[in-house]
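Let's take a quick look at two things here: how a pair of helices packs, and where the protein leaves some empty space inside. Have the structure open while you read.

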There are 2 protein chains.
Amino acid sequence: MKRKACAEVGIRSFDMNLPEEVLESELISKVHELNANPDVHGILVQLPLPKHINEEKVLGEISLEKDVDGFHPLNIGKLAMKGREPLFQPCTPKGCLELLSRSGVSVKGKNAVVVGRSNIVGLPVSLLLLKADATVTIVHSRTPDPERLVREADIVIAAAGQAMMIKGSWIKPGAAVIDVGTNAVDDPTKRSGYRLVGDVDFEAAFRVAGWITPVPGGVGPMTVAMLLRNTLDGAKRVIEE
Amino acid sequence: MKRKACAEVGIRSFDMNLPEEVLESELISKVHELNANPDVHGILVQLPLPKHINEEKVLGEISLEKDVDGFHPLNIGKLAMKGREPLFQPCTPKGCLELLSRSGVSVKGKNAVVVGRSNIVGLPVSLLLLKADATVTIVHSRTPDPERLVREADIVIAAAGQAMMIKGSWIKPGAAVIDVGTNAVDDPTKRSGYRLVGDVDFEAAFRVAGWITPVPGGVGPMTVAMLLRNTLDGAKRVIEE
């Protein structure tokens, strides 16, 4: 999907497929090669990495100026801190905020509940919502009563990776619901034997929510769009300097 | 207080008093000097800095290994991210968790409400509580109904810098209340004309809370203790390497 989107907007993309048993040092020298290549403005390391490779170490080697995923801890630190701005915001969280803003949902002063606290979505989207002046509650697998908290939310970001854990009855009428989950569930009526569902029971929540994103088709395409935007911004920055 | 505490435990501390009109470049070369000095294991830049100096730039120059305040964005990023650990945790947030743990207050699965979102306290203490498996809500000046949220909290961290904004009636019976605020209020009965109070109405909250820290005398000394601990840890790390 990313490759196709790049082609459509005129960004040249190329894959580096490395064997699963690649050495960490080899992977890191590939990253260094891309860091040094002036034709490259964005580098993605596809996660998860094989177990013998230290993810933290590899991601830390990506040049900050090309970290279009925005996962470098220095980027996350600046995302978290008041008065600081990261070079790149992580794509899915940025896409969630973009969806809210394009739908005319104001964030300031709203109760936002984020379900999930992953480094990729839950944590950074919480930090972005906080910077946008929402009151933010982060709910996770150790939260005994997620339902009580979600019920109070004007904005729900579902990023737990639990198929349909958020029921229609949990949604406050009129709330904005952004479903980041993508879970495969068995479905014998499909040729593949499964279908994709989100973290929200869409059919039921749809009747209550003011806004809701479908799965598939909601957050996914917006994430790709934000990745293209980050890459373009990175390229512009290099050209302007 | 920091100087005295250092002397008591046998840490040598020294001040570098620079004039208010010091050039940013001069301040930065002082930081570099301390970075390079092997006798120095911790560097504090006293904030706030004069307006003509870029705080972000100066703090970013402190060697990560000597950033005992833990304010470097790379440290904050690692504090935020699952599976990552900063070299140093910021002192006041670390002290808050230490107070809870030493009082036998378990954090896991509890509702924690943090009032305030400063880079120094509110934000990092929220991140630490989240890592300790609390369900965390961050309340701030744009939150329309802080009272409703504080009422649900098993753990309240008050770090808004608003004298006695949190009333006794807001506290859930038995909750643990950590008051990070230090505010001067007029008091004609004092020779100085003022006294220090926290962000919590202590007298009233004391009757309801299970645990509560006083101001002054609660979080302040624990912050200093954590600073000493960070400095010691930094020194140990250098010696072990």
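## Helix packing and a cavity

In chain B of this predicted model, helix α5 (residues 91–102) packs against helix α6 (residues 122–131) at an angle of about 45 degrees, and their axes are 8 Å apart. Because of that angle, α5(B) counts as oblique to α6(B). As for handedness, α5(B) passes α6(B) in a right-handed crossing.

Who does the touching? On the α5(B) side, the contact is made by B:Pro93, B:Lys94, B:Cys96, B:Leu97 and B:Leu100. From α6(B) come B:Pro124, B:Val125, B:Leu128 and B:Leu129.

Now for the empty space. The structure holds one cavity of 30 Å³ or more, and the largest cavity has about 60 Å³ of space in it. Both chains turn up in its lining: chain A gives A:Leu123, A:Ser126, A:Leu127, A:Leu130 and A:Ile138, while chain B gives B:Leu123, B:Ser126, B:Leu127, B:Leu130, B:Val136 and B:Ile138. Which elements give two or more residues to this lining? They are α6 (122–131) of chain A, plus α6 and β2 (135–139) of chain B.

Here is how the residues of the helix contact and the cavity lining split by class:

| Residue set | Nonpolar | Polar | Charged |
|---|---|---|---|
| Contact of α5(B) with α6(B) | eight residues | no residues | one residue |
| Lining of the largest cavity | nine residues | two residues | no residues |

Notes
Residues are numbered from 1 along each chain as its sequence is written. Chains are lettered from A and ligands numbered from 1 in the order in which they are written. This is a predicted model: local features need pLDDT of at least 70, side-chain atom pairs count only at pLDDT 80 or more; totals for chains, interfaces and linings use all residues. Side-chain values use heavy atoms; hydrogens and water are left out. Axes are lines fitted to C-alpha atoms, for helices over the stretch in contact, and angles run from 0 to 180 degrees between N-to-C directions. Helices (H or I, at least four residues) and strands (E, at least two) are DSSP runs, numbered from the N terminus. Angles under 35 degrees count as roughly parallel, over 145 as roughly antiparallel, 65 to 115 as roughly perpendicular and the rest as oblique. A crossing is left-handed if the near helix is turned anticlockwise from the far one by less than a right angle, and right-handed if clockwise. Contact means heavy atoms within 4.5 Å. Ala, Val, Leu, Ile, Met, Phe, Trp, Tyr, Cys and Pro count as nonpolar, Asp, Glu, Lys and Arg as charged, and the others, Gly among them, as polar. On a 1 Å grid over the protein atoms alone, a cavity is a set of points where a 1.4 Å probe fits but cannot get out, and a pocket is an open set with protein on both sides within 12 Å along at least five of seven lines; lining residues have an atom within 4 Å of a point. Grid points are joined across faces, edges and corners, and a volume is the space filled by probe spheres set on the points.
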